[in-house]
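Trainee: I should like to work through this structure with you, one question at a time. Please give the reasoning before each result.

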Amino acid sequence: MSDVLPELIEPPSNELSIDAIEDVLRDHYGLSGQVFPIEGRQNPYFLIDNGHMRYLLKVAPADGPVEEIEAEHALMRHILRSPDGPRVPEPVATKDGGDTLVLPLGGEDRRIRLLTFLEGTPPPTGEKLSDHAIAAFGSISAELVKSLQDFEHPVLQREPVGDLRQAGPQTVSLLSAVTDQEIRDVIAKAMVTALRRIQPLGSSLRVAAAHQNLNAGTVIGEDADGTWLPTGLTDFTGISNGWLVAGFANTCAYLLADRDGDPFALLPAIRAYHEIYPFTLTELEALWPLVVARTGILAAEAESQQAQSPDDQQAREVTEKRRAVLSGATSVSPARVFAAILDATGTVKPLPEIGRLLPDIDPDTFRMVDLSVTSPLLYGGNWMDADNDWKLLAHIAWETGRASTRYGEYRLSKSSTDPQQEPESFALHIDACLPARTAAVAPFAGVLKTAGPRLVLVGRDLTLHVEGLECTLAEGTELAAGDPLGVIAGADDSVGGLRLRFCLDPDLVPPLFCTPAEVGTSSRLYPSPSALLGIEANAPAPGHPDQPVRGWKEYLFDATSRTALDLGGQAPLIGHGHPRLAAATYRQALLLSRTTGQPSEPEDVLRAQLAELAPEGLSHVSFAAGRGDALDLAFRLARAHTNKGRIIGLPGFRVDHRDPDLFTVPSVGTAADMIHDLDDVAAVLAEGHNEAGHLDEPLAELREKAGLLIVDETGTGYGRLGHHTWGFSHRGLAPDILIADGPGGGTPALLMTRPEIAASLAADERRPAICPVKAAAAAAALDVIREEQLRENTREIGSHLKTRLESLAERFPAIVAVTGSGMLLAIDLADEAAGLGERLRPGFIVDDSIPKRIVLRPPLCLSRQSADRFVDRIGALLSER
């Protein structure tokens with residue numbers, strides 16, 4: 001029995017006196033201290049506290065089984081010597097070196113022994129164990145087994161408590177008192193099913209010393225960060241030789257009851273045990289059936305108790321609890337639980353020998369069809385066509401005669417436009433297009449369970465599901481490996497299609513796909529059927545599954561087809577993955593990808609397009625490697641043209657809550673930042689700007705003082721603000737020099753100015769021609785903006801997005817303000833919502849580099865659906881606070 005949680009009380013008058021116990025401690029152990037009786041024990045127990053340590057003194061009849069005490073002490077000392085063992089009490093020797101004393105106490109001879117007291121508490125009553133606690137039960141079980149692996153003692157030969165090797169007879173005996181036939185059948189069926197799985201494995205299960213009843217009553221624990229965890233062992237009566245895995249199965253049955261019969265709640269314990277003391281594959285296969293067997297025994301015990309005490313309310317409640325746990329345990333496929341256990345322990349069970357399904361097809365003639373997220377066959381959103389995968393497979397098969405998809409491939413076609421939805425993207429099947437009328441044979445021995453459109457062949461360890469075969473065999477036909485099975489359906493000289501799936505459970509229908517989170521379990525429950533074709537048709541696992549590998553419009557896709565909305569300003573202006581831009585870039589790369597010192601045809605086209613977009617009079621266009629180079633060029637132009645030392649650069653465009661109509665680029669905080677290498681920045685600020693960088697003086701007076709007006713439209717041009725091509729237009733400004741980023745995403749920055757200003761620079765200071773590939777990309781992007789009416793989309797969707805955000809601000813004070821226009825908006829947040837940007841990830845990528853502010857810069861193609869999903873997500877997160 002566990003020595004946990006002693007209750008300190010006043011000594012009863014008819015029990016051993018405190019004085020007598022103090023005499024024993026002083027005379028035989030050389031100890032003194034406060035003595036507290038412990039209530040609720042069959043024999044007297046006393047807690048001793050000497051101010052430095054606490055001890056437990058146990059008193060028992062002198063004629064009791066001393067062998068059990070000696071064995072318990074031997075176990076404790078052995079575990080204590082092991083560096084891997086759990087915490088256990090330590091026997092304290094008497095002055096004479098003995099383990100026990102026999103003394104006359106209370107009118108009779110008593111056997112006395114003293115142990116160190118194991119500090120801690122039992123599991124909290126009325127609370128579910130945490131996942132950490134469940135894992136800790138696995139750890140302490142494995143630590144105990146590991147510490148006992150070289151322990152030898154006759155006590156280990158005692159019959160284990162709840163020996164699962166005798167589960168069948170135990171259950172039969174218990175059910176003999178139960179008259180409810182329905183519940184008898186339920187328990188019997190669960191037991192028979194479990195024993196059928198255990199029986200062929202029994203001879204391969206290791207026999208070792210283990211605790212056969214490690215549960216809440218035999219351990220003690222401590223609180224760690226508010227969570228109770230088992231850390232020590234207080235009861236040793238359950239330690240004996242038995243099936244190693246059976247001892248842990250008993251512990252798992254206790255944990256299963258704590259979690260109301262959920263088998264997957266046991267995985268942390270199984271994983272933790274396996275990491276310390278690895279199971280064999282056979283033990284892992286036997287573990288869940290043994291847990292079910294123990295659960296069945298506990299249910300039978302409860303039913304037997306209630307049958308004997310039908311009016312006992314507590315017995316009735318225990319019975320109902322045990323029924324619910326057994327029901328939960330038996331409602332899940334054992335093969336699914338086994339697959340989850342394999343996944344939790346990182347173990348793979350080899351498949352049985354599998355022959356080729358189509359022996360007349362040369363495996364080397366197959367062509368694999370790539371349908372992954374990074375497939376070059378997928379572009380322009382064609383994967384959104386529900387039949388696209390089959391179309392691509394059929395097209396390649398028509399060219400080659402034989403084509404196959406890959407098992408374990410994360411299909412882009414299964415992605416979702418909703419970042420909150422986990423896609424079922426991992427392929428658990430293989431589709432193949434092959435010559436019709438090709439003969440198929442049984443790849444292994446089995447029974448034909450179904451012979452309809454989906455043929456099912458059940459083998460001893462594996463079940464095959466095939467669609468696309470014509471089969472004339474009757475259901476129930478027994479087949480040997482290599483026996484004829486049918487032919488691929490279809491007319492002569494045509495191409496037929498097969499769909500192949502495997503399953504470890506003959507009663508399950510394998511799904512076609514699973515989510516990324518389910519891959520570990522599902523890939524073990526529904527393994528790859530590639531051996532049927534004699535080829536390696538398994539897709540390689542992505543090296544960085546969580547990183548984006550493809551973009552499309554406002555969406556980013558990681559290697560597993562999970563979706564994110566790219567709203568933080570890193571997406572190209574027209575969105576990711578536009579086929580028009582890709583085609584223009586590819587075509588020009590085939591022609592010429594370097595500059596020749598003279599303008600190329602793509603550059604001429606780009607200049608013509610920019611001239612149409614340029615503000616009045618700014619017909620000269622220069623290109624620069626980046627924004628910094630463009631600013632350098634602007635300042636040199638202004639010095640050369642005006643010979644003045646002061647240049648006013650209007651703030652670019654970042655939303656400023658102090659002036660909703662004013663925007664500045666994030667790297668340009670105020671107008672002072674726009675002034676390059678000038679000695680009189682302070683003078684310019686004093687003469688023309690307030691401390692926020694806003695214009696205080698009339699523009700004409702500023703122009704007179706400064707000479708030239710430079711406007712930076714980086715991140716704001718080409719209609720991003722919705723109503724004008726350039727953001728400055730709504731302020732009525734007429735810049736002399738305009739700086740903008742390239743429209744093609746990765747294309748050079750550009751500068752527009754009047755020809756007479758451009759002529760101010762010497763010829764050797766003028767920028768050379770730009771790369772023709774980049775010019776082609778930029779020109780294509782401008783075409784897309786015009787032809788797909790992205791500026792109109794920006795105005796409409798941007799207004800809708802801002803309106804919805806403003807409505808959200810009325811509901812949630814955490815949103816202080818919503819400013820901006822078009823596809824450039826800012827959300828200012830209160831202190832309590834400062835971490836909102838991080839909480840939006842990974843599904844929604846925003847710019848939260850400025851404290852308590854989220855800046856939105858989606859591509860101009862942003863859809864209403866995506867805008868709504870973003871606002872809905874913010875609302876959901878703010879509602880959680």
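**Helix 2 and its surroundings**

Mentor: Let us begin with helix 2 of this predicted model, in which Ile69, Ala71, Glu72, His73, Leu75, Met76, His78 and Ile79 are buried.

Trainee: Against which elements do the buried residues of helix 2 pack?

Mentor: Helix 2 covers residues 66–81, and its buried residues include Leu75 and Met76. The partners comprise both strands and a helix: the buried residues pack against strand 3, strand 4 (91–92), strand 6, helix 3 (131–148) and strand 10 (239–243).

Trainee: What span does helix 2 reach from its first C-alpha to its last?

Mentor: Helix 2 has 16 residues, and at 1.5 Å a residue the expected span is 22 Å. The value computed from the model is close to that expectation, namely 23 Å.

Trainee: Strand 3 is one of the elements packed against helix 2. Which residue of strand 3 is the bridge partner of leucine 47?

Mentor: Strand 2 (residues 45–49) and strand 3 (residues 54–61) pair in the antiparallel sense over five bridges. Their hairpin has four residues between the strands, and glycine 51 takes a positive phi near 90° there. The bridge partner of leucine 47 in strand 3 is leucine 56.

Trainee: Which residue in strand 6 stands opposite proline 61?

Mentor: Strand 3 also pairs with strand 6 (residues 108–116), in the antiparallel sense and over seven bridges. Opposite proline 61, strand 6 places arginine 110.

Trainee: Let us turn to the open sheet of three strands. Which strands stand at its edges?

Mentor: The order of the strands is 15-21-19, with antiparallel pairing. An edge strand has a single partner strand, so one side of it is left without a neighbour in the sheet. That description applies to strand 15 (439–441) and strand 19 (469–470).

Trainee: Which residue in strand 21 stands opposite glutamate 470?

Mentor: Strand 19 and strand 21 (residues 484–488) pair in the antiparallel sense over two bridges. Opposite glutamate 470 in strand 21 stands valine 487.

Trainee: Now for the charged pairs: how many residues apart in sequence are the parts that arginine 499 and aspartate 431 tie together?

Mentor: The two residues form a salt bridge, the closest N and O atoms being 2.7 Å apart. Arginine 499 lies in strand 22 (residues 495–503) and aspartate 431 in strand 14 (residues 430–435), so the separation of the parts they tie together is 68 residues.

Trainee: Are arginine 499 and aspartate 431 buried or exposed?

Mentor: The cut-off for burial is under 20% relative accessible area. Arginine 499 has 18%, and aspartate 431 has 5%. Both values satisfy the criterion, so arginine 499 is buried, and aspartate 431 is likewise buried.

Trainee: Is glutamate 787 buried, partly exposed or exposed?

Mentor: Its side chain meets that of arginine 786 in a salt bridge, at 3.7 Å from N to O. The relative accessible area of glutamate 787 is 46%. Because partly exposed residues fall between the 20% and 50% limits, glutamate 787 is partly exposed.

Trainee: Lastly, is leucine 590 buried or exposed?

Mentor: Leucine 590 lies in helix 13 (residues 579–591). Together with Tyr586, Leu591 and Leu592, leucine 590 makes a nonpolar surface patch of about 450 Å². Its relative accessibility is 58%, so leucine 590 counts as exposed.

Terms used:
Residues are numbered from 1 along each chain as its sequence is written. This is a predicted model: local features need pLDDT of at least 70, side-chain atom pairs count only at pLDDT 80 or more; totals for chains, interfaces and linings use all residues. Side-chain values use heavy atoms; hydrogens and water are left out. Two strands pair if DSSP finds at least two bridges between them. Patches are made of residues with over 30% relative accessible area and no salt bridge: like charges are joined within 9 Å, nonpolar side chains (Val, Leu, Ile, Met, Phe, Trp, Tyr) within 5 Å. Accessible areas come from the Shrake-Rupley method with a 1.4 Å probe; for residues, only the protein chains shown count as cover. A salt bridge is a side-chain nitrogen of Lys or Arg within 4 Å of a carboxyl oxygen of Asp or Glu. Buried means under 20% relative accessible area, exposed over 50%, partly exposed in between (1.4 Å probe, protein chains only). The expected span of a helix is 1.5 Å times one less than its number of residues. Contact means heavy atoms within 4.5 Å.
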